[in-house]
Amino acid sequence: MSRDPPLVSVNANGRDEKDEKIISLGLHIVRNLLAIRDTVAEGTAVGEKEEFSNLQVGHEASRRQLTIQSSLIIQLGKLTYFQLILTLASCANKSEFNQYNVLVLDILHLTFQSVRPRDLIKDQEQVGDPP
């Protein structure tokens, strides 16, 4: 039994409308799942205050509290979705991927919106350590 190549790796001329819709559906599902936020804020926090509440949580507490959103991001990484997203992002200037650019940007935004900017440049082992 031979495996077909991933739909994204097939040239745009080799993909039909059904293939394009499957790719779009997969990206929309990931984007929509990432858009669902955990309700971890205390008290009457709403809006951005609730969304970014984990930025003020201490490092020890944030290590202990693995949210559903964090679990989703970890699973997406294990399933190599982020490799796909980064590949699509690196091809943003190619016209055959234009229809996915906004979805890819939205997925990256939803993934990193509540991460401290200084944590983005650290090694993964250093992120949990206090400054």
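## A greasy patch to start with

Let's begin on the outside: Leu25, Ile29, Leu33 and Ile36 make a nonpolar surface patch of about 370 Å². One of these residues, Ile29, is found in helix 1, which covers residues 17-35. With a relative accessible area of 44%, Ile29 is partly exposed. Another member of the patch, Leu25, is among the exposed residues of helix 1.

Keep in mind that what you're looking at is a predicted model.

## The overall layout

So what is the chain built from? The protein chain has 7 helices and 0 strands. Read from the N terminus on, its elements run α-α-α-α-α-α-α. The protein chain has 131 residues, and buried ones make up 23% of them.

## Helix 1 and its two sides

Helix 1 is a good place to spend some time. This helix has 19 residues and reaches 26 Å from its first C-alpha to its last, close to the 27 Å expected at 1.5 Å a residue. Which residues of helix 1 are buried? They are Asp19, Glu20, Ile23, Leu27, Val30 and Leu34. Look down the axis of helix 1 and those buried residues fall within an arc of 105°, so they line one face of the helix. On the other side of helix 1, you'll find Glu17, Lys18, Lys21 and Leu25 exposed.

There's a general idea behind this kind of pattern. An α-helix has 3.6 residues a turn, so residues three or four places apart point the same way.

Glu20, one of the buried residues in helix 1, deserves a second look. Why does Glu20 count as buried? Its relative accessible area is 17%, and the cut-off for buried is under 20%. Glu20 also gives us a link to another part of the chain: Glu20 and Tyr100 are 80 residues apart in sequence, yet their C-alpha atoms are 9.8 Å apart in space.

## Two salt bridges

How many salt bridges does the structure hold? There are 2 salt bridges. In one, the side chains of Lys21 and Glu17 meet, with 3.2 Å from N to O. Lys21 and Glu17 both lie in helix 1, 4 residues apart, which is about one turn of the helix. Both Lys21 and Glu17 are exposed.

Asp106 forms a salt bridge with Arg31, and here the closest N and O atoms are 3.4 Å apart. This pair links distant parts of the chain: Asp106 sits in helix 6 (residues 101-112) and Arg31 in helix 1, 75 residues apart. As for its surroundings, Asp106 is partly exposed, with a relative accessible area of 25%.

## A tilted aromatic pair

The structure holds 1 aromatic pair. The rings belong to Phe97 and Tyr100; their centres are 6.5 Å apart and their planes are at 45°, so the pair is tilted. Are these two residues buried or exposed? Both Phe97 and Tyr100 are buried. Tyr100 is also the residue we met earlier, with its C-alpha 9.8 Å from that of Glu20.

## Helix 5 and the loop before it

Helix 5 (residues 81-90) has its own buried side. Its buried residues are Phe82, Ile85 and Leu88. Seen down the axis of helix 5, they fall within an arc of 120°, so they line one face of the helix. Turned away from that buried side is a face carrying the exposed residues Gln83, Leu86 and Ser90. Leu86, to pick one of them, is exposed with a relative accessible area of 53%. The C-alpha atoms of Leu86 and Val104 are separated by 8.3 Å, with their places 18 residues apart along the chain.

Now step back to Thr80, whose place is in the loop between helix 4 (68-78) and helix 5. What is unusual to look for here is the backbone angle. Most residues other than glycine have a negative phi. The phi of Thr80, however, is near 60°, a positive value in a residue other than glycine. At 40% relative accessibility, Thr80 counts as partly exposed.

Notes:
Residues numbered from 1 in each chain as written. Predicted model: local features only at pLDDT ≥ 70, side-chain atom pairs only at ≥ 80, totals over all residues. Heavy atoms only, no water. Phe/Tyr/Trp six-rings, centres within 6.5 Å; stacked < 30°, edge-to-face > 60°. Buried < 20%, exposed > 50% of the residue type's maximum accessible area, 1.4 Å probe, protein only. Patch = residues over 30% accessible without salt bridge, like charges linked within 9 Å, V, L, I, M, F, W, Y side chains within 5 Å. Areas by Shrake-Rupley, 256 points an atom, 1.4 Å probe, with all protein chains shown as cover. Salt bridge = Lys/Arg side-chain N within 4 Å of Asp/Glu carboxyl O. Helix = DSSP H or I, 4+ residues; strand = E, 2+ residues; numbered from the N terminus. Expected span 1.5 Å × (residues − 1). Arc of directions from axis to C-beta.
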